[in-house]
Amino acid sequence: MIQCDRCGNPTPPMRFCVQCGNGLAGAPPAHGIRSEFAAAPHEHLLGLHLASTLFPQLPRADMESFRLALGIAAVAMVGLAAVGLYPAALAVSAVAVPALMAIYLHDVDVYEDEPMLVVGATMLWGAAAGIVVTLLSRAAQSSTASVGSSTGPTDLLTAGFGLPLIQLALMAVGPLALLRNRKFNDVLDGAIFGASSAVSFLGARALIVALDFTRAGVAPPGETLPRIVVLLTFGIALPVLAASVSGAAMGSVWLRWRSSLRGASSLGVFGNPLVAGAAAAVIYVLASLALLVLPGLAALLVIAVLGAIALVWLRVVIHVGLLQELSERPIGPPIRCANCRRMTPHHTFCGECGVSLRALPKGTRRGDPRDTSGAMGVTDAGAAREVSDG
Amino acid sequence: MAEGTAPLPPAYAPSSAHAHGHFQPLGDRWASLTPMRRVLLFAAVLVAVVVIANLLAAVRQPTSPGGDCPSQPCGPGSNPGGGNPGGVIVKPGPHSTATALLLDGQWKSALGSLVEWETRKWTESARKDRSIFLLGSKSEFSLFVVIAPATESTPEALAADRLAFLKTLAPDLADESDPKRQTLGIPMIGNRQATASLLAGNYTKDQDVEPWSVALVSAGDGRISVVIQLVAADAVRDSAFKAADQVLGEFLWPE
């Protein structure tokens, strides 16, 4: 055993400290927050990576399929719009990100044996709230009533500020209901619950729009390029932004009240859930105002920039949360890391690839074809000896 | 790195947080779907969504009634029946007493033109010296009338202004391409020939998208220029155009 320069705890002489994830082999001593993203150590903490941020518990090999799925969704939206099938393209834009999130929740078994509770409080709640808010707001204000004049102060107040704040608050209600359940004690849980609720909220809203649109026929007339801008805005940019701000805010809440560990000081003022909530509201309101007052492409660009900022924020929250899961328990027996598939002593981080072991699926797939060890348990004694002797 | 002397600690018991079921150490767990299955499942969901959306759209697609004159708009000389089956910009017939009694809403512009409407069909939303804004039933369509002295603006310029504004709300607004939805006959405002543009596009503001049908009808008499803008949710296009037809037909130019 050696002593880690950063955390000072004993760790086997491997590439990474199994207690704090600090790089050991040949890397210069690091101080402060490490720069590799704890859920995906091959990426920089501040890098713009959609899959590893929105789906942080996936092993590296599995992230590729989520990237591919997102790409398929984008191509489908653009392709359908190009051939004139706009209602179908809108429906795809409404369903794509929520469907990916649902697959992710199932895939990594976020439920902790309570699938109905988690799905109900996140995705179902988000969808129901999205439907109700959309129907109510549409009943209150018809689009055709807005064509007599430019956007006025009242429109800015209601559609630019009031409605987005209500939306954001409703997105948070379901995840906050899970805060009381002590089983969900990871910062990752809070972040994923917040993101799930947000994407299903916006997905339901977009689905109502798409359903409404089917009244215009299979291929209603209209220019293609503005439609593609709309699809990318409502299908990808806005859901990513909403998922990021909602996830980051919920992550801060979990960090403060559910994570059992060393406080949220690493996040500075953003570790305070009230400040995090206010920051989420500012970003979401700015995006809504952009939609209200800017032409389509400019609005998309503004939302993309805001979404990138929010994504990095969510990354930092997840990262800090994972680092703060440092526990004082002893180093455990060797296990096979689901991320790099090599053996590592069981603690907080993989000693070979540096991934946070909490940022991996909670479920178990028996007989995984990629597992060449023949055993999914902790019985690889030879490897255990290699690790301990190393 | 400082060499330590502590041996590798023995295995420890599972924490109570993971005591349900068999214990599985963190990190030794795998996603439940293989990458290929995950992508196939997602693709299947998208295909299902596309199929359902297209089926719904095909079922709900608005149909035009048959006959020589489609649902709208029909103009003089093109309507075998001589009546107006429901559209805009038709040449008005004689102003009957019965019609006059129904027209219980009125706005006289500062430039002398008169717009009349039935208050059971239209609700006045805003009026100024040179414009009036009417909302149709359930606010699913609206009519905006703008008047300007001919010395200040041409009908074409007024229409272009309205189109530019509407494009900020519906960026993909384009000429109506459906052959069943073209103007038949001569567009009119009151007793004067007008220019009409029929457009279709999608309102995209405030996280909302809604299909629109738009008519921009403009005319001038040398003293004033007029543009009348009708915006309707696509689903109520026919009834909106029919209601607008009456207002356009009853428009009175300054004497």
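## A tour of chain B

Select chain B of this predicted model. Buried residues account for 44% of its 255 residues. Colour by secondary structure and count four helices and twelve strands. Now consider contacts between residues at least 6 apart in sequence: in chain B, 55% of them join residues at least 24 apart.

**Stop 1: confidence.** Colour by pLDDT. The mean for chain B is 73, with 69% of its residues at 70 or more. Which elements mark the lowest and the highest mean pLDDT in chain B? Strand β1 (residues 2-3) of chain B is lowest, at 40, and β12(B) is highest, at 91. Next, select residues 1-28 of chain B, where the pLDDT is below 50. Beyond near neighbours in sequence, this stretch has 51 contacts in the model. Then select residues 64-96 of chain B, again with pLDDT below 50. Here the model has 87 contacts beyond near neighbours in sequence. Where pLDDT is low, predicted coordinates should not be read in detail. For the model as a whole, ipTM is 0.77 and pTM is 0.66.

**Stop 2: helix α1.** Select residues 35-60 of chain B, which form helix α1. Check its length with a distance between the end C-alpha atoms: they are 37 Å apart. At 1.5 Å a residue, the 26 residues should span 38 Å, so the two values agree. Now show side chains for the buried residues of α1(B): Arg38(B), Phe42(B), Val45(B), Leu46(B), Val49(B), Ala53(B) and Ala57(B). Keep the helical repeat in mind: an α-helix has 3.6 residues a turn, so residues three or four places apart point the same way. What do the buried residues of α1(B) pack against? Turn on chain A: the partners are its helices α2 (60-82), α3 (86-108) and α6 (187-213).

**Stop 3: strand β6.** Select residues 141-149 of chain B, strand β6. This strand is mostly covered, with eight of its nine residues buried. Add strand β5, residues 131-135 of chain B. β5(B) and β6(B) run antiparallel and are joined by five bridges. For one bridge pair, pick Leu134(B) and Leu143(B). Five residues lie between the strands of this hairpin. Click Lys138(B) there: its phi is positive, near 55°.

**Stop 4: strand β12.** Keep β6(B) and add strand β12, residues 224-233 of chain B. Nine bridges join these two antiparallel strands. Zoom in on Val146(B), whose bridge partner in β12(B) is Val227(B). While side chains are on, remember that in a regular strand they alternate between the two faces of the sheet.

Conventions:
Residues numbered from 1 in each chain as written. Chains lettered and ligands numbered in written order. Predicted model: local features only at pLDDT ≥ 70, side-chain atom pairs only at ≥ 80, totals over all residues. Expected span 1.5 Å × (residues − 1). Buried ≥ 20, exposed ≤ 12 C-beta atoms within 10 Å, placed from the backbone. Contact = placed C-beta atoms within 7 Å. Pairing = 2+ DSSP bridges. pLDDT = per-residue confidence, 0-100.
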